[in-house]
Amino acid sequence: DSISQKGAHFMLSNSDCKEEDGTSYFEKLYAGYDCHRVNAKRFINARGDRSAETAEVVIRNYKEESLF
């Protein structure tokens, strides 16, 4: 990709959505990148008592140890 070719790093995150077959949409979209999941608490909700943790997928074009 053009970002990696320029030597730049990127990190993006999004709520993890699954395809009908159970596979991760973002893992397929960003195949070849460093992808992992974290739990994120969502505080934006019409009802505060319904705030809950959800899976968030983090995608990077680098490995964490490559920064040091």
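Strand β2 (residues 34–41) is joined to β3 by 8 bridges, the two strands running antiparallel. Within this pairing of the predicted model, D34 stands opposite R60 of β3, and N39 has A55 of β3 as its bridge partner. Strand β3 (residues 53–60) is also joined to strand β1 (residues 11–15), again in antiparallel fashion, through 5 bridges; here S13 has V58 as its bridge partner in β3. The result is an open sheet of 3 strands in the order β1-β3-β2, with antiparallel pairing. Strands β1 and β2 form the edges, each of them pairing on one side only, and from one strand to the next the twist averages 30°.

With respect to the chain as a whole, the secondary structure consists of 2 helices and 3 strands, arranged from the N terminus in the succession α-β-α-β-β. Among contacts with a separation of 6 or more, 48% are made by residues 24 or more positions apart. Of the 68 residues in the chain, 21% are buried, and the accessible surface amounts to about 5,200 Å², with carbon and sulfur atoms contributing 50% of that area.

A search of the whole structure finds 4 salt bridges. In one of these, D16 is paired with R37, the closest N and O atoms being 2.5 Å apart. Because D16 lies in the loop between β1 and α2 (25–29) whereas R37 belongs to strand β2, this pair ties together parts that are 21 residues apart in sequence. D16 is buried, at a relative accessible area of 15%, while R37 counts as partly exposed, with 34% relative accessibility. R37 also forms a salt bridge with E27, for which the closest N and O atoms are 2.7 Å apart; since R37 lies in strand β2 and E27 in helix α2, the pair ties together parts that are 10 residues apart in sequence. E27 is itself partly exposed, having a relative accessible area of 35%, and D16, E27 and R37 are thus linked in a network of salt bridges.

A further salt bridge involves D34, the residue that stands opposite R60 in β3, and K63, with the closest N and O atoms 3.2 Å apart. As D34 is located in strand β2 and K63 in the segment after β3, the pair ties together parts that are 29 residues apart in sequence. D34 is buried, with a relative accessible area of 14%, whereas K63 is partly exposed, with a relative accessible area of 45%.

Notes
Residues numbered from 1 in each chain as written. Predicted model: local features only at pLDDT ≥ 70, side-chain atom pairs only at ≥ 80, totals over all residues. Heavy atoms only, no water. Helix = DSSP H or I, 4+ residues; strand = E, 2+ residues; numbered from the N terminus. Buried < 20%, exposed > 50% of the residue type's maximum accessible area, 1.4 Å probe, protein only. Contact = heavy atoms within 4.5 Å. Areas by Shrake-Rupley, 256 points an atom, 1.4 Å probe, with all protein chains shown as cover. Pairing = 2+ DSSP bridges. Axes fitted to C-alpha atoms, helices over the stretch in contact; angles between N-to-C directions. Salt bridge = Lys/Arg side-chain N within 4 Å of Asp/Glu carboxyl O.
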